[in-house]
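Please explain this structure to me step by step, in a way that a first-year student can follow with the model open alongside the text.

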Amino acid sequence: MNKLLYLGLGLLLISCQPKLELGKKNRIVQIDTEYGAIKIKLYDETPGHRDNFIKLAHKEFFDGTLFHRIIDGFMIQGGDPDSKGAKPGEHLGEGGPGYQIHAEFVPELFHKRGVLAAAREGDQNNPEKKSSGSQFYIAQGKVYTVGELDTLQMKMNGKLKSSIFKTVQMEKAEYLSKCQMDGEIEKLNEAIEQIKVEVDSLFEESKIRLTEEQIKAYTTVGGIPHLDRNYTVFGEVVEGMDLIDSIAGVKTDDFDRPLDNIEMKIKLLK
């Protein structure tokens with residue numbers, strides 16, 4: 001009788017677990033920590049990241065992992081499987097499920113305060129800006145003035161144009177070198193002028209222009225504007241934003257890891 005009772009209870013518990021339904025819209029997840037619960041709405045505009053996060057949460061992949069990197073006024077980061085049971089002071093941030101996710105940049109989804117975004121390797125090793133398979137962060141950021149945003153936008157565009165110039169120059173490097181070695185100064189100058197024209201054209205196409213919505217958000221609730229179009233944003237906090245500030249304020253070591261572990265569990269609510 002007891003065996004039947006336990007079996008029945010087990011089946012009941014299994015039936016209460018949310019089903020793994022990839023492709024379903026309006027998904028809500030909850031991150032449970034010692035500080036409380038954080039509810040997050042996953043964006044349907046980024047289905048690859050949404051479904052991957054749902055899949056990992058359903059497999060309890062995140063349970064027992066830590067918020068291993070925290071920078072107050074910037075963001076809190078977690079999702080590294082290597083953080084489970086990690087010793088104090090151990091350097092973290094390199095772990096994952098063994099795959100990456102293609103970037104899903106959506107202009108309307110930007111780094112306002114409270115968004116969920118995917119961490120990733122740097123551009124040098126990851127020019128396609130593919131996301132980590134599991135590591136994520138929640139943006140905290142700061143509130144900007146309009147003047148600060150204008151200055152930041154100029155710096156971002158300067159960096160963008162420099163990057164475009166380097167790319168185009170590398171593509172033409174062999175030809176430029178040949179012209180120089182052969183003493184073809186006229187051809188060399190023509191090629192340099194063509195590079196300038198091409199760079200200006202490419203820059204104008206991809207120039208960073210903050211929308212009214214971005215300006216409004218960054219000058220009211222705040223965020224991290226310089227990460228836009230570089231890291232995929234795929235959700236936002238709908239409840240528990242005050243907990244982000246509490247977690248962001250903890251003491252950390254030289255690697256931005258909290259001195260006291262902050263474990264998490266992530267479950268599907270909807």
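What follows is a walk through a predicted model, taking in strands, aromatic rings, charges and empty spaces in turn.

A convenient place to begin is with the strands. Strand β1, which covers residues 28-33, is joined to β10 by 4 bridges, and the two strands run antiparallel. One of the residues to look for here is Gln30, whose bridge partner in β10 is Lys267. In a regular strand, side chains alternate between the two faces of the sheet. Strand β10, residues 265-268, can be read with that in mind, for Ile266 and Leu268 make up its covered face, whereas Lys265 and Lys267 make up its uncovered one. Lys267 thus appears twice in this part of the model, as the bridge partner of Gln30 and as a residue of the uncovered face of β10.

A second pairing is that of β3 and β4, which also pair in the antiparallel sense, over 4 bridges. Phe67 has Gly78 as its bridge partner in β4. The two strands form a hairpin with 3 residues between them, and in this hairpin Gly73 takes a positive phi near 85 degrees.

Phe67 also leads to the aromatic rings, since Phe53, Phe61, Phe62, Phe67, Phe136 and Phe234 form one aromatic cluster. Across the model, 8 aromatic pairs are counted. In the pair of Phe53 and Phe62, the ring centres are 4.9 Å apart and the planes stand at 35 degrees, so this pair is classed as tilted. Because buried means under 20% relative accessible area, Phe53 counts as buried at 3%, and Phe62 counts as buried at 0%.

Another pair is formed by Tyr137 and Tyr231, whose ring centres are 6.1 Å apart and whose planes stand at 80 degrees, so the arrangement is edge-to-face. Tyr137 lies in strand β8, residues 136-139, while Tyr231 lies in the loop between α5 and β9, and the pair therefore ties together parts that are 94 residues apart in sequence. How exposed is each of these two residues, Tyr137 and Tyr231? Tyr137 is buried, with a relative accessible area of 4%, whereas Tyr231 is partly exposed, with a relative accessible area of 23%.

Tyr231 has a charged partner as well, for the charged end of Arg120 sits over the ring of Tyr231, 4.3 Å from its centre. A further example of a charge over a ring is given by Lys142, the charged end of which sits over the ring of Tyr144 at 4.7 Å from its centre.

The empty spaces of the model can now be considered, beginning with the largest pocket, which holds about 720 Å³ of space. It is lined by 22 residues, and the closest to its centre are Asp123, Lys129, Leu160, Ser163 and Asn230. Helix α3, residues 146-181, gives the most to this lining, with 10 residues. When the lining of the largest pocket is sorted by class, it divides into 7 nonpolar, 7 polar and 8 charged residues.

The second largest pocket has a volume of about 600 Å³. Its lining is made of 27 residues, with Gln77, Gly93, Ala119, Arg120 and Gln135 lying nearest its centre. The elements that give two or more residues to this lining are β3 and β4, which are the strands that pair in the antiparallel sense. By class, the lining of the second largest pocket divides into 10 nonpolar, 11 polar and 6 charged residues. Arg120 links two parts of this account, because its charged end sits over the ring of Tyr231, and Arg120 is also one of the residues nearest the centre of the second largest pocket.

The structure also holds 1 cavity of 30 Å³ or more, and about 70 Å³ of space lies in this largest cavity. Which residues lie nearest its centre? Of the 13 residues that line the cavity, these are Asn52, Ile101, Ser132, Gly133 and Phe234, and Phe234 has already been named as part of the aromatic cluster. Helix α2, residues 47-58, gives the most to the lining of the largest cavity, with 4 residues. By class, this lining has 7 nonpolar, 6 polar and no charged residues.

The walk ends at Lys59, which is found in the loop between α2 and β3. At 56% relative accessibility, Lys59 counts as exposed. The C-alpha atoms of Lys59 and Gln153 are 94 residues apart along the chain and are separated by 41 Å.

Conventions:
Residues numbered from 1 in each chain as written. Heavy atoms only, no water. 1 Å grid on protein atoms, 1.4 Å probe; cavity = no way out; pocket = protein on both sides within 12 Å on 5 of 7 lines; lining within 4 Å. Points joined across faces, edges and corners; volume = space filled by probe spheres on them. Nonpolar A, V, L, I, M, F, W, Y, C, P; charged D, E, K, R; others polar. Phe/Tyr/Trp six-rings, centres within 6.5 Å; stacked < 30°, edge-to-face > 60°. Buried < 20%, exposed > 50% of the residue type's maximum accessible area, 1.4 Å probe, protein only. Lys NZ or Arg CZ within 6 Å of the ring centre and 35° of its normal. Pairing = 2+ DSSP bridges.
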